[in-house]
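Biologist: I have a structure open on my screen and would like to understand the words people use for it. Could you go through them with me?
Modeller: Gladly, let's look together.

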Amino acid sequence: MPDLQVVATPSVENEGKYFRRFTPAQRYMHAVLFSTFLGLAGTGLPLRFSQSLWARKFAGGVGGFGAILFFHKFCAIILTLAFLVHVKDIVQRGILNREKGIFWGSTSMVANWKDAKDLFGHMRWFVGLGPRPQFGRYAYWEKFDYWAVFWGMIVIGFSGYAMWFAPFFAHFLPGWALNAVLVIHSEEGLLAILFIFSIHFVNTHLRPDSFPMDMVIFTGVESEEEFKEKRPLEYARLVEEGKLEERIGEKPAAWQLNFSRVIGFTAISIGLILLVLTLSAYFRE
Amino acid sequence: MQNASGHSISVNEHKFGSSIHGVLGCKNCHTDIKGYPHPDKIAPVKCAACHADQAQGLAASVHSDGAEHPCTSCHGDAHSIYPKSDPRSTVYPLNVPKTCSACHSTDGMAKKHGLDSVYPSYIDSIHGFALSKEGLLVAANCQSCHGSHKILSRKNPESPTNKANVPATCGKCHAGITENYLGGVHGKAVAAGNMKAPVCSDCHTAHAIEQPTADAFRMRSTPICGSCHTDKFSTYRDTFHSQLGALGGYVETARCWDCHGAHDVLPASDPRSPVNEANLIATCGKCHAGANASFVKYQPHANARNRKLNPALYYIRLFMNLLLASVLTFFVIHTALWLIRSRYDQIKRKAAEGGKNA
């Protein structure tokens, strides 16, 4: 691969530097996303497994179902707003401002042929049958995360609001759909919870290259070494387009890192606890 | 003053005088005492000489084998017996539970016969509170249901607490409810001799009866119906109504009788049933304002595992489960392999750098 050569050459002037990967808006979006998601998971799971002991104890501790439902709906509204803000942002940038790289190209979230090749190449590398693929700005598993959440928000959101405002939705949904929305909501919610708390956690944070946590979503920056290692094509592209300098950021301050660690580890711990509770309740059903 | 065996034989003249037997002389009851000094052995007083009906009832009852004097166990001191309308009487309505509790409470005599300690259950029940807190004379006390002298085991078909007789027994006070009950499926089944159908006490219990509209009873209520209607209970549990209800603090979610009625439960085919198709909008509308014809097509007992009954739901659940299983299976394998490979590379790299392996 020709790109490999570009990467292998260290640019001396950028040594020890940090590069911006996420804008503050994207980091806040992730923060809103994971805190409301934890809230929704924490209040949704006791409902899904309402016969299990921990669900009842938890519900009793927080003031019963009234409190749980209130918090679930509260998080749902915040998450819905965040989703709408994101969609508005995409429409604004991609359609109204005709910004390049939103719907297509190496910075887009839309999957392309390279992602399919990367998936197979990556798996060949897992078992020692080929070289490790070179990833761009967003790797295939990151795109999958994004679209899983995107689809999940639409499906879970729609089915949730259909239950919340059932008599209203009954004006244009058949009766059996009101039964179906609970099945859809709970199964899709379960999938999201299991996926995020196991696959996303490991893929993004707990794997050896990032262990114990990839700080980039919290601080917005990553070291040049990490950048080149994890996303060589993106690095090469920036070098080629002469845009590397634009992306230089500041080394995160100690308080920023510590703060991120506290938040991040709290989130991951809550997620892992919920994962264990979910699995134990699921297999006991 | 004591007799040979050390028992007091003194009689309080005033107490006895004011008692219901105060007009009688000593010898009316102590018939074997003719003069002084008294005979060494004195025969027990035979209350039956006057109270023949009561004695006959008692002889046929579960209490017939009492070793103590059968009358004074309940009526108290023989020389201060009052009519049951007198608050001083041990069988005055407000005193009856206390009197029975001498044996029918924790560690009481009844325990020796393998009977439950019923007094604590009763005294904390809606009847017990009415009696102890409000002093309600009409509140059911022990003898309201069990009778007084001729108390029979509930296994005895003549007993007012025999399952077949329970509706009539409760109906002595709860006439309206009993009439509703007798018109419903449960009442008709019991009347027809189907003793699997519930009577009052099967749902409300016999002694620990609670205010049925209170939160505590609502929260515990669905398993009571579910203990017979197991299939309906399991499908109810799959629904939002149950999931909400199970977690507490949200007692208004629909329980069985909110939709089906409580005492006058009728089959859905009966036009008077609240779950008859014609009445669903009104029934669901009690909680769901704005419920329309499409809304009430919702199935509160849908079974997503049953392809024949709920095909749409069955396939949706199947699709969701397949989606869940395939996504997770793929990524668990993918990510596990990735973990192993990354760790392998990391160890190799660090070893090459001469560092430690971690």
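Biologist: How far apart are the centres of domain 1 of chain B and domain 2 of chain B?
Modeller: The two centres, taken over C-alpha atoms, are separated by 40 Å. Domain 1 covers 210-302 of chain B and domain 2 covers 304-358. Please keep in mind that this is a predicted model.

Biologist: What makes the largest nonpolar core a core, and which residues have the most contacts inside it?
Modeller: A set of residues earns that name because its members are buried, of nonpolar types, and joined through C-beta atoms within 7 Å. The largest such set has 49 residues. Those with the most contacts inside it are A:Leu178, A:Ala180, A:Val181, A:Val183 and A:Ile193, along with B:Leu247 and B:Phe295. Among the elements giving two or more residues to this core are α2 (24-48) and α8 (175-206) of chain A, and α16 (240-246) and α19 (311-352) of chain B. The most comes from α8(A), with 16 residues. At least three residues are drawn from each of domain 1 and domain 2 of chain B. Another core, of eleven residues, lies apart from this one, and A:Phe19, A:Met215, A:Phe218 and A:Val221 are among its members.

Biologist: Why is α2(A) called oblique to α8(A)?
Modeller: The two helices pack at an angle of about 125°, with their axes 11 Å apart. Roughly perpendicular runs from 65 to 115 degrees and roughly antiparallel starts over 145, so an angle between those ranges counts as oblique. That is why α2(A) is oblique to α8(A). Their crossing is left-handed. On the α2(A) side, the contact is made by A:Phe37, A:Ala41, A:Gly44, A:Leu45 and A:Arg48. On the α8(A) side, the residues are A:Ser186, A:Gly189, A:Leu190, A:Ile193 and A:Ile196.

Biologist: Leaving aside its neighbours within four places in sequence, what is A:Ile193 in contact with?
Modeller: With that stretch set aside, A:Ile193 is in contact with A:Ala41, A:Leu45, A:Leu274 and A:Thr278.

Biologist: How many residues of chain A are in contact with chain B?
Modeller: There are 45 on the chain A side, in contact with 43 residues of chain B. Elements of chain A that give two or more residues to its side include α3, α5 (113-126) and α7 (166-169). Here too α8(A) gives the most, with 17 residues.

Biologist: And how many helices and strands are there in chain A?
Modeller: Chain A has twelve helices and three strands. Its C-alpha atoms fill a box of roughly 60 × 40 × 40 Å along the principal axes. Of its 285 residues, 31% count as buried. Among contacts in chain A between residues at least 6 apart in sequence, 75% join residues at least 24 apart.

Biologist: Why does A:Arg98 count as exposed?
Modeller: The cut-off for exposed is 12 or fewer other C-beta atoms within 10 Å. A:Arg98 has 8 such neighbours, so it counts as exposed. It is found in the loop between α4 and α5 of chain A. A:Arg98 also has a positive phi of about 50° although it is not a glycine.

Biologist: What makes that phi worth a remark?
Modeller: Most residues other than glycine have a negative phi. B:Thr205 is also a residue other than glycine with a positive phi, near 65°. B:Thr205 sits in the loop between α13 (200-204) and α14 (215-226) of chain B.

Biologist: Is B:Thr205 buried, exposed or partly exposed, and how do you know?
Modeller: Buried needs 20 or more C-beta neighbours and exposed needs 12 or fewer. B:Thr205 has 13 within 10 Å, so it is partly exposed. B:Lys98, found in helix α5 (residues 96-101) of chain B, has 17 and therefore also counts as partly exposed. The C-alpha atoms of B:Lys98 and B:Tyr119 are 8.2 Å apart, with their positions 21 residues apart along the chain.

Biologist: Which residues are joined by a cis peptide bond?
Modeller: One such bond joins A:Phe211 and A:Pro212, with omega about 0°. A:Pro212 lies in the loop between α8 and α9 (216-219) of chain A. Another joins B:Tyr36 and B:Pro37, with omega about -5°. B:Pro37 is in the loop between α2 (26-29) and α3 (52-60) of chain B.

Technical notes:
Residues are numbered from 1 along each chain as its sequence is written. Chains are lettered from A and ligands numbered from 1 in the order in which they are written. This is a predicted model: local features need pLDDT of at least 70, side-chain atom pairs count only at pLDDT 80 or more; totals for chains, interfaces and linings use all residues. Helices (H or I, at least four residues) and strands (E, at least two) are DSSP runs, numbered from the N terminus. Domain bounds come from an automatic or database domain assignment. Two residues are in contact if their C-beta atoms, placed from the backbone, lie within 7 Å. Axes are lines fitted to C-alpha atoms, for helices over the stretch in contact, and angles run from 0 to 180 degrees between N-to-C directions. Angles under 35 degrees count as roughly parallel, over 145 as roughly antiparallel, 65 to 115 as roughly perpendicular and the rest as oblique. A crossing is left-handed if the near helix is turned anticlockwise from the far one by less than a right angle, and right-handed if clockwise.
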